[in-house]
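Q: I should like to learn how to read the features of a protein model. May we take them one at a time?

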Amino acid sequence: MRIQLLPSTFDGHGRATAEQRLTCFLVDDSVAIDAGSIAIALTPEQRATVRDIIITHPHMDHIASLPIFIDDLYPTLKEPVRVYATPEVITLLERDVFNWNVYPRFSGLKNEYGLVMEYVPIPIGKEFEVAHLKVTAIPVNHIVPTVGLIVSDGVSTVAFSSDTAETDEFWEVINRIPRVSALLIEASFPNSMSELAEVSRHFTPASLNQELRKLTHNSLDILTVHIKPAYRDTIIAELEALNFPKLAVMEPGKTYVW
C-alpha cells in the first residue's frame, strides 16, 4: 500500500512545504481519505484516477477543496465522484456545503455522461469496499461525528485515527487485527495548550503518549499528522522527547510504502 499525505502549502517554486493546514491522504493514487487539499495537490495523472473519496468528518480542513475538485472535473467526468461517509456526515455536507448557497448540490447534477457526484453511505464497524481496498469505520472522540479508519489492500493494513481525543473502540479494533503495518494519528497542539486540546478534542504529545499505551502492537510504524503549523516546531520537539518506538512525523508529499 502506498500512502501520501498531500501537501497543502507550497513555496515560491511549487515545492511542498512541511506546514499542513488541510488534510488529505492519497492511497495507491486512486482513493482519497478526506479532501482538504485534494483540488490543489493532486498531479494531473492523479486527477484522472481519483474517483473515490472517504470523508471522516465535515470540518473544513478535511473537506475544504472537495467542491472545487468536483467543479474542476465537472465537464469531463465519465463516472461520478463517489463520496463515502456516514449518513450523519452526508446530511451535514448536504446541509452546510452542497446547499446551493456555499456550493451547488452536485449530487443532483449531471453532465453529458451522467451524474457527477454520488454519496455512498458507510456502515459503522462493518467492513466495506472502496475500489480495491477494504475499509472499516470506527467512531472516535471528536466534537462532530467522526470516524477513524482501518484500511487494507489484502497485504498491508493501515489505521487512520482522524481527529480525536481519548477513545477506546478504535484501539480495541486495532488490537484485534493480527498485523497492522502503520498507524497515522493526530497530534494537534503542544503540551502547554492541553486545555484547548481537551475542549476541542485533540491530542497533545503528552496525551498521545498516554493513549498509545492502549496499543498492543509493538512493531508498526506510527506517524503523527494534523500538527498545527503555528506550533509545529514545539510539537515535534515534544514528540521526539517521548522516545516512543517507531514514532515519527509524517512528511507532506512523501510517499510511504507498506
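Q: Which side chain is joined to that of Tyr84 by a polar contact of 3.0 Å?

A: The model is a predicted one. A polar contact is a pair of N or O atoms within 3.5 Å. Here the side chain of Asp52 has such a contact with the side chain of Tyr84, at 3.0 Å. The side chain of Asp52 also makes a polar contact with the side chain of Arg82, at 2.6 Å.

Q: Where is Asp52 found, and is Asp52 buried or exposed?

A: Asp52 is part of strand E4, residues 52-54. A residue counts as buried under 20% relative accessible area. The relative accessibility of Asp52 is 7%, so Asp52 is buried. Leaving aside residues up to four places away in sequence, Asp52 touches Ser30, Val31, Ala32, Arg82, Tyr84, Val130 and Ala131.

Q: How should a helix with buried residues be read? Which residues of H9 are buried?

A: An α-helix has 3.6 residues a turn, so residues three or four places apart point the same way. In H9, which spans residues 232-241, the buried residues are Arg232, Ile235, Ile236, Glu238 and Leu239. Viewed down the axis of H9, these buried residues fall within an arc of 165 degrees, so they line one face of the helix. Asp233, Glu240 and Ala241, on the other side of H9, are exposed.

Q: What covers the buried residues of H9?

A: The cover includes helix H8 (205-211), along with strands E14 (221-225) and E15 (247-249).

Q: How is the sign of phi to be read? Which residue with a positive phi follows H9?

A: Most residues other than glycine have a negative phi. After H9 comes Asn243, with a positive phi near 55 degrees. Asp28, which is not a glycine, likewise has a positive phi, of about 55 degrees. Asp34 is a residue other than glycine with a positive phi near 65 degrees.

Q: Where do Asp28 and Asp34 lie, and are they buried or exposed?

A: Asp28 sits in the loop between strands E2 (25-27) and E3 (31-33). Its relative accessibility is 16%, so Asp28 counts as buried. Asp34 belongs to the loop between E3 and helix H1 (38-41). Asp34 is buried as well, with a relative accessible area of 2%.

Q: How does one read the surroundings of a strand? How many residues of E11 are buried?

A: One may consider each face of the strand in turn. Six of the six residues of E11 are buried, so E11 is largely enclosed by the rest of the structure. On one side these are Val147, Leu149 and Val151, and on the other Gly148, Ile150 and Ser152; both faces are therefore covered.

Q: Which strands pair with E11, and in what sense?

A: E10 pairs with E11 in the antiparallel sense over six bridges. In this pairing Pro139 stands opposite Val147 of E11. E11 is also joined by four bridges to strand E12 (residues 157-160), again antiparallel. Ser152 has Thr157 of E12 as its bridge partner. The hairpin of E11 and E12 has four residues between the strands, and Gly154 takes a positive phi there, near 95 degrees.

Q: How may a single loop residue be placed in its surroundings? What does Thr146 touch?

A: One reads its position, its burial and its contacts together. Thr146 lies in the loop between strands E10 (133-139) and E11 (147-152). Thr146 has a relative accessible area of 6% and is buried. Not counting residues up to four places away in sequence, Thr146 touches Thr56, His57, Ile138, Pro139, Val140, Ser162 and Asp163. A polar atom of the Thr146 side chain lies 2.8 Å from the backbone oxygen of Val144. The C-alpha atoms of Thr146 and His59 are separated by 9.5 Å, although the two residues are 87 residues apart along the chain.

Q: How are internal spaces read? How many cavities of 30 Å³ or more does the structure hold?

A: One reads the volume of a cavity and the residues that line it. The structure holds two cavities of 30 Å³ or more. The largest cavity has about 130 Å³ of space. Its lining comprises 18 residues, of which the closest to the centre are Thr23, Phe25, His62, Ser162 and Val225. Strand E13, residues 182-186, gives the most to this lining, with three residues.

Note on methods:
Residues are numbered from 1 along each chain as its sequence is written. This is a predicted model: local features need pLDDT of at least 70, side-chain atom pairs count only at pLDDT 80 or more; totals for chains, interfaces and linings use all residues. Side-chain values use heavy atoms; hydrogens and water are left out. Buried means under 20% relative accessible area, exposed over 50%, partly exposed in between (1.4 Å probe, protein chains only). Helices (H or I, at least four residues) and strands (E, at least two) are DSSP runs, numbered from the N terminus. The arc is that of the directions from the helix axis to the C-beta atoms. Contact means heavy atoms within 4.5 Å. A polar contact is a pair of N or O atoms within 3.5 Å; within protein, one must be able to donate a hydrogen and the other to accept it, and residues adjacent in sequence count only if both atoms are side-chain atoms. Two strands pair if DSSP finds at least two bridges between them. On a 1 Å grid over the protein atoms alone, a cavity is a set of points where a 1.4 Å probe fits but cannot get out, and a pocket is an open set with protein on both sides within 12 Å along at least five of seven lines; lining residues have an atom within 4 Å of a point. Grid points are joined across faces, edges and corners, and a volume is the space filled by probe spheres set on the points.
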